[in-house]
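Trainee: I'm new to this one. Can you walk me through a few spots?
Mentor: Sure, let's pull it up.

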Amino acid sequence: CGEVKATRGAKHDYLGVNFDFFEKGKVKIDQISHVEDMVDNFPTKITKTAEDAATPDLFQVGDGDPPNKEDAEAFHNAVTKGLYAAKQARPNMQQVIAVLCTRVQAPNKKDWKKLVHLLQFLNRTHKDKLTLSAENLSVIKWYVDAAFAVHPDFKSHTGGTMSYGRGCPITISRKQKLNTKSSTEAELVGADDVSVMTLWTKYFMEAQGYPIDKNILYQDNKATILLEENGKKSSGKRTRALNIRYFFLTDQIEKGNLSVIYCPTLEM
C-alpha cells in the first residue's frame, strides 16, 4: 500500500473529483475533465448541445440493429464513466444513466441515440458544478417519488434525494425490483428503496457529533403516507398483497427515527 497523504487548503482533488471550499459555508464539486473526456473520446463526434439529459422516450426499449462490437464496448464504457460522474458530481444525469445501465448487455440503435443525447447535454453543461450548503445540520430532508409502470416490463422507477438546504449530496434513481398495481404501491416501494440511506444518514451524522432533531421524508401521495404511518391498519384489498417488509418505515416512524410529511408534486 502507498503512503497516506494529507492535503490542506481550499481546493482538493480526489480520484478525479474536485472539491472547492473557497466560499465560506459552501463546497463546490466538479468533474469537468472527466465529463469532457466522456464527450471528446466518444466514437461519434459530439458537436451539438441538448437542453435536457433525457429524451422523451427514455423508458421505451426502441428498436434497431445492435451496434457492432466496437460500438457496443464504447457504449458500455461511456455508461460506466457516466455512472461514476452521476454518483459524484452530476446527479442531474443519474436517471438517464440508471436506464442506460439496464441496456448495456444488449443496446440497440435507440439506446445509442439516448446516449448521444446525454453527451450533447454534457457538451453544453460540462463546466457545471454541484454546490452544497446547509441551513440546519440538525434537520435532514429527503424527497422521494416514483414514476409508475414506466419501464418496458411495467416496473416503476424510484427517485430520491437528500438535502440540508442547497444542493443534494445524496441522490438515488433506480428501477424498482417488483411490479406494483398502483402509484400508491409504487411510492410505498420507492420509500422502502430509499429507507436504508434515510436511516443511515441520520446515524452517520449523529456518529460525527451532529444530533438530528428531524429526519423528514417528503412525499406527494397522501394514501402512501397513511400506509407508512399506520402499516396494515390502512391496508385494504388492493395493498394486502404487499410483503410486510414494505411497512418497515411504519416501525421507524413509531420509534421516532423518521417523520413523513406531505409535499405537493410541484414543490417536490
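Mentor: Start with Ser 138, in the loop between β4 (130-134) and β5 (139-147). Keep in mind that this is a predicted model.

Trainee: Is Ser 138 buried or exposed?
Mentor: Buried. Its relative accessibility is 18%, and the cut-off for buried is under 20%.

Trainee: What is Ser 138 in contact with, leaving aside neighbours within four places in sequence?
Mentor: Pro 211, Ile 212, Asp 213 and Lys 214. Look at Met 205 too. It sits 67 residues from Ser 138 along the chain, yet their C-alpha atoms are separated by 8.9 Å.

Trainee: Okay, other loops. Where is Ala 149 found?
Mentor: In the loop between β5 and β6. Its phi is positive, about 50°, though it is not a glycine.

Trainee: What sign does phi have in most residues other than glycine?
Mentor: Negative.

Trainee: Which value does phi of Phe 154 have?
Mentor: Near 65°, so to speak another positive one in a residue that is not glycine. Phe 154 is also in the loop between β5 and β6.

Trainee: And how do they sit, buried or exposed?
Mentor: Phe 154 counts as exposed, at 56% relative accessibility. Ala 149 is partly exposed, with a relative accessible area of 23%.

Trainee: Switching to helices. Which residues of α1 are buried?
Mentor: Helix α1 covers residues 32-40, and its buried residues are Ile 32, His 34, Val 35, Met 38 and Val 39.

Trainee: Where do they fall, seen down the axis of α1?
Mentor: Within an arc of 165°, so they line one face of the helix.

Trainee: What do they pack against?
Mentor: β3 (27-30), α2 (69-88) and α4 (109-125).

Trainee: How do α2 and α4 cross?
Mentor: Their axes come within 11 Å and cross at roughly 45°. The two helices are therefore oblique to each other. The crossing is left-handed.

Trainee: Which residues make that contact?
Mentor: From α2, Asp 71, Phe 75, Ala 78 and Val 79; from α4, Asp 111, Trp 112 and Leu 115. By class, that is five nonpolar, two charged and no polar residues.

Trainee: Last one, α3. How many of its residues are buried?
Mentor: Six of eight, so to call helix α3 (residues 94-101) mostly covered is fair. The buried ones are Gln 94, Val 96, Ile 97, Ala 98, Val 99 and Leu 100.

Trainee: What covers them?
Mentor: The cover includes α2, α4, β6 (157-163) and β8 (170-175).

Technical notes:
Residues are numbered from 1 along each chain as its sequence is written. This is a predicted model: local features need pLDDT of at least 70, side-chain atom pairs count only at pLDDT 80 or more; totals for chains, interfaces and linings use all residues. Side-chain values use heavy atoms; hydrogens and water are left out. Buried means under 20% relative accessible area, exposed over 50%, partly exposed in between (1.4 Å probe, protein chains only). Helices (H or I, at least four residues) and strands (E, at least two) are DSSP runs, numbered from the N terminus. The arc is that of the directions from the helix axis to the C-beta atoms. Contact means heavy atoms within 4.5 Å. Axes are lines fitted to C-alpha atoms, for helices over the stretch in contact, and angles run from 0 to 180 degrees between N-to-C directions. Angles under 35 degrees count as roughly parallel, over 145 as roughly antiparallel, 65 to 115 as roughly perpendicular and the rest as oblique. A crossing is left-handed if the near helix is turned anticlockwise from the far one by less than a right angle, and right-handed if clockwise. Ala, Val, Leu, Ile, Met, Phe, Trp, Tyr, Cys and Pro count as nonpolar, Asp, Glu, Lys and Arg as charged, and the others, Gly among them, as polar.
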